[in-house]
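Me: I am new to this structure. Please show me how to read its features.

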Amino acid sequence: MGQLTGEERDEVDDLVAAWRDQRPDLDVAPLQVLSRVSRLARHLDIARRGAFAAHGLESWEFDVLSALRRAGPPFQLTPGALLRATLVTSGTMTNRIDRLAAAGLVSREPDPRDRRGVLVTLSERGQAAVDAAFTDLLEREQALLARLGPEQRAVLAGLLRTLLVPFDEGDFPRRD
């Protein structure tokens, strides 16, 4: 695919120029990056929802099913592990597991290591759905990145990682 020429303009360029005209006292440079990240996130969200919907899944269903799929055979996790993987509350996870089980995408089984515990297991139907949706998602994400070459993708991934690490480590100062 074609490389960026450096002469291309987007809506963010116009937004930044307008803010610079109206508020020359402020450094609006962060908008150059973060407004583009925000807009790209919206396009990614549309692509994700489309890929999942094409396979009869909601985003939350994909999140739970993909956590089980990534666990590897036998594709089982405890509800607690699913909580940590999907960052939702216990009540929300219980509801989600109930709904996925009713749809035949997962099953609950007793945990042989904990008499009181259960394991959530991905069903064959659930695996087929998550695999198909993931394949579709990757195709859509490839299209979103098509204008970047492999080296540009690697640089961008590294820069975004640098921005995200403090959040993942809980080190980013909050201004509430």
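Reply: Start with Leu163, which is found in helix 7. Helices are DSSP runs of H or I with at least four residues, numbered from the N terminus. This is a predicted model: local features need pLDDT of at least 70, side-chain atom pairs count only at pLDDT 80 or more, and totals for chains, interfaces and linings use all residues. Residues are numbered from 1 along each chain as its sequence is written, and side-chain values use heavy atoms, with hydrogens and water left out.

Me: Is Leu163 buried, exposed or partly exposed?

Reply: Buried means under 20% relative accessible area, exposed means over 50%, and partly exposed lies in between (1.4 Å probe, protein chains only). Leu163 has 47%, so the residue is partly exposed.

Me: Which elements give two or more residues to the nonpolar patch?

Reply: A nonpolar patch joins side chains of Val, Leu, Ile, Met, Phe, Trp or Tyr within 5 Å; each residue has over 30% relative accessible area and no salt bridge (a side-chain nitrogen of Lys or Arg within 4 Å of a carboxyl oxygen of Asp or Glu). Here the patch includes Val33, Leu163 and Phe167, and its accessible area is about 950 Å² together (Shrake-Rupley method, 1.4 Å probe). Helix 2 (29-53) and helix 7 (150-168) are those elements.

Me: What is Ser35 in contact with, leaving aside neighbours within four places in sequence?

Reply: Contact means heavy atoms within 4.5 Å. Ser35, in helix 2, touches Val12, Leu15 and Pro30 by that rule. Ser35 is buried, because its relative accessible area is 14%.

Me: Is Arg161 buried or exposed?

Reply: Arg161 lies in helix 7 and is exposed, at 52%.

Conventions: Patches are made of residues with over 30% relative accessible area and no salt bridge: like charges are joined within 9 Å, nonpolar side chains (Val, Leu, Ile, Met, Phe, Trp, Tyr) within 5 Å.
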